[in-house]
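These are my notebook entries on one protein structure. I set down what I looked up, topic by topic.

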Amino acid sequence: MSRSTSVAVVGGGIGGLATALGLLRAGFDVRVYEQSRTLSQVGAGIQLAPNCTRLLRGLGVLPAVERVAFAPDAIEFRRWDDGRLLSETLLGAGIAATYGAPYLHVHRGDLVGVLADAVTADRIETERRCVGVTRDGAGARLRFADGGTAYADVVVGADGIRSVVRETLLGREDARFTGYLAYRGLVPAERVAALSLEPRCTVRLGPGAHFVHYFVSGGRLHNVVCVIEETSWTRESWTDPGDPDQLRAAFAGWHPVVGAIIDVLDEPLRWALFDRPPLPRWSSGPITLLGDACHPMLPYGAQGAAQAIEDAAVLATCLTEAAGRDIPAALVRYETIRRGRATRVQEMSRANGVRFHLPDGPDQQARDTAMASGFGISPEIDWLYGHDPLIAEQATS
Ligand SMILES: Cc1cc2nc3c(=O)[nH]c(=O)nc-3n(C[C@H](O)[C@H](O)[C@H](O)COP(=O)(O)OP(=O)(O)OC[C@H]3O[C@@H](n4cnc5c(N)ncnc54)[C@H](O)[C@@H]3O)c2cc1C
């Protein structure tokens, strides 16, 4: 019975494609509807912690992801001005042995490409912008901007922070500007070769700002994220070409390596960072939400994509176990398993924003002391990386 259940996934980002792949592997009849003409290569680097790469292995795509990724040897935190080391967590073989999966850095476009290849093009319809979803018998009907419609037994809204499916379920509520702007850019590795950068993720913490950089794409590109604070964002668009002079001014006085990296960033994009408070529910009847559509988060825990992939794993298991019998109950079960953890990661990411940007003074000193005593894997990281959502799912079945 479950083998013929049809599932419409709205959104062909990381969450939507991971969902489609998991459901296809489980024998569901899946179609992905993506608004863009091509699956997006936009975005820059993302970090994939073991809680995420373990699930990519389960989907059968980890070897392909490893071929386009970069395996860092550590995550380190440094002070903004003198570059003093505050904390270091070794990754590499050690973390893979501890958590049973590697820590990787990838370009978002590379990861989307691997997932889309595995889903296969005949399952993905591009230029299909969903404009509404309505209940139709036991299932739901999607409406598209091109005037077309599609029926499915299950609809998964993986359509990002501005989710139309979310709006259908919960009404219109604009996402909130968090007060953070991220400048993101990628630099060919040869342009930073003279800086002899370590093969690791470096996070530099300073008053009102932080600066993250690491290699992706097999080491061919260096990914740079520079986060600053801004009181308001009044533009319609969430991204703008970034002004290098504004960026340079924001990081004046920081360690010389920061200025040297900014100098080789050709066209950084400026992203306004938005989020939402945790939603009261994710599902209604045969319709549910996944990834940024239901739990957008600040990138300060490097877990947005990972949490979307955890959602995908639990959703596939709950729908498989329902075997087509009570889909609404299966979706409520999925949401019940996932909401607490996703909310905690949202809150952790938000709290990191405050911790990362402390002005120099007693609070910053207390933070640095705590970080120094937390060398190695902290209990919080253990909670994050050691989690297996499929075991959590078994515990409730
Ligand atoms: C600066 C920054 C750094 C980050 N770093 C990390 C990191 O290190 N690690 C990590 O795990 N995460 C990171 N993230 C977060 C991560 O990128 C997101 O959480 C993740 O991509 C969410 O995936 P998603 O599939 O839910 O949504 P999205 O990636 O937003 O995908 C949604 C898709 O739906 C499509 N769509 C939207 N509306 C419609 C519609 N109406 N009809 C059809 N299609 C539609 C969109 O075109 C898009 O393809 C970072 C984010 C930022 C901004």
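A nonpolar core is a set of buried Ala, Val, Leu, Ile, Met, Phe, Trp, Tyr and Cys residues joined through side-chain atoms within 4.5 Å. For this purpose, buried means under 20% relative accessible area. I note at the outset that the model is predicted.

**Entry 1: the cores**

I looked up the largest nonpolar core and found that it has 72 residues. Those with the most contacts inside it are Leu-48, Leu-56, Val-65, Leu-111, Leu-142 and Leu-319. Helix H9 gives the largest share of this core, 11 residues. I then recorded a second, separate core of 29 residues, with Ile-75, Ala-182, Val-227 and Met-348 among them. As background, nonpolar side chains tend to be buried together in soluble globular proteins.

Which residues does Leu-56 touch, not counting residues up to four places away in sequence? I listed Leu-48, Val-61, Leu-62, Val-65, Leu-111, Leu-115 and Ile-309.

**Entry 2: helix H2**

Leu-56 led me to helix H2, where Leu-56 is one of the buried residues. The others are Pro-50, Asn-51, Cys-52, Thr-53, Arg-54 and Leu-55. Because seven of the nine residues of H2 (residues 50-58) are buried, this helix is largely enclosed by the rest of the structure. After H2 comes Gly-60, which has a positive phi, near 85°.

**Entry 3: the ligand**

I next examined the ligand, which has 31 residues around it. Gly-15, Glu-34, Gln-47, Asp-292 and Ala-305 come nearest. I sorted the residues of the shell into 12 nonpolar, 12 polar and seven charged. Helix H1 (14-25), strand S3 (45-48) and helix H9 (304-322) each supply at least two residues of this shell.

I looked up three distances between polar atoms. A polar side-chain atom of Glu-34 is 2.7 Å from an oxygen atom of the ligand. For Arg-108, an N or O atom in the side chain lies 3.1 Å from an oxygen atom of the ligand. A polar backbone atom of Gly-304 is 3.3 Å from a nitrogen atom of the ligand. On its own the ligand has 1000 Å² of accessible area, and the protein covers 88% of this area.

**Entry 4: Arg-200**

Is Arg-200 buried or exposed? I recorded a relative accessible area of 9%, so Arg-200 is buried. Its place is the loop between strand S12 (176-188) and strand S13 (201-206). The side chains of Arg-200 and Asp-73 make a polar contact (3.1 Å). Leaving aside neighbours within four places in sequence, I found Arg-200 in contact with Pro-72, Asp-73, Ala-74, Glu-76, Glu-88, His-105, His-213 and Tyr-214.

**Entry 5: two positive phi angles**

Most residues other than glycine have a negative phi. I therefore looked up two residues against this background.

Thr-120 is not a glycine, yet has a positive phi of about 80°. Thr-120 sits in the loop between helix H5 (108-119) and strand S7 (124-125). Its relative accessibility is 33%, so Thr-120 counts as partly exposed.

Ala-323 is likewise not a glycine and has a positive phi of about 50°. I located Ala-323 in the loop between H9 and helix H10 (327-356). Its relative accessibility is 18%, so Ala-323 counts as buried.

Terms used
Residues numbered from 1 in each chain as written. Predicted model: local features only at pLDDT ≥ 70, side-chain atom pairs only at ≥ 80, totals over all residues. Heavy atoms only, no water. Near = heavy atom within 4 Å. Polar contact = N/O pair within 3.5 Å; in protein donor to acceptor, adjacent residues only side chain to side chain. Areas by Shrake-Rupley, 256 points an atom, 1.4 Å probe, with all protein chains shown as cover. Helix = DSSP H or I, 4+ residues; strand = E, 2+ residues; numbered from the N terminus. Nonpolar A, V, L, I, M, F, W, Y, C, P; charged D, E, K, R; others polar. Buried < 20%, exposed > 50% of the residue type's maximum accessible area, 1.4 Å probe, protein only. Contact = heavy atoms within 4.5 Å.
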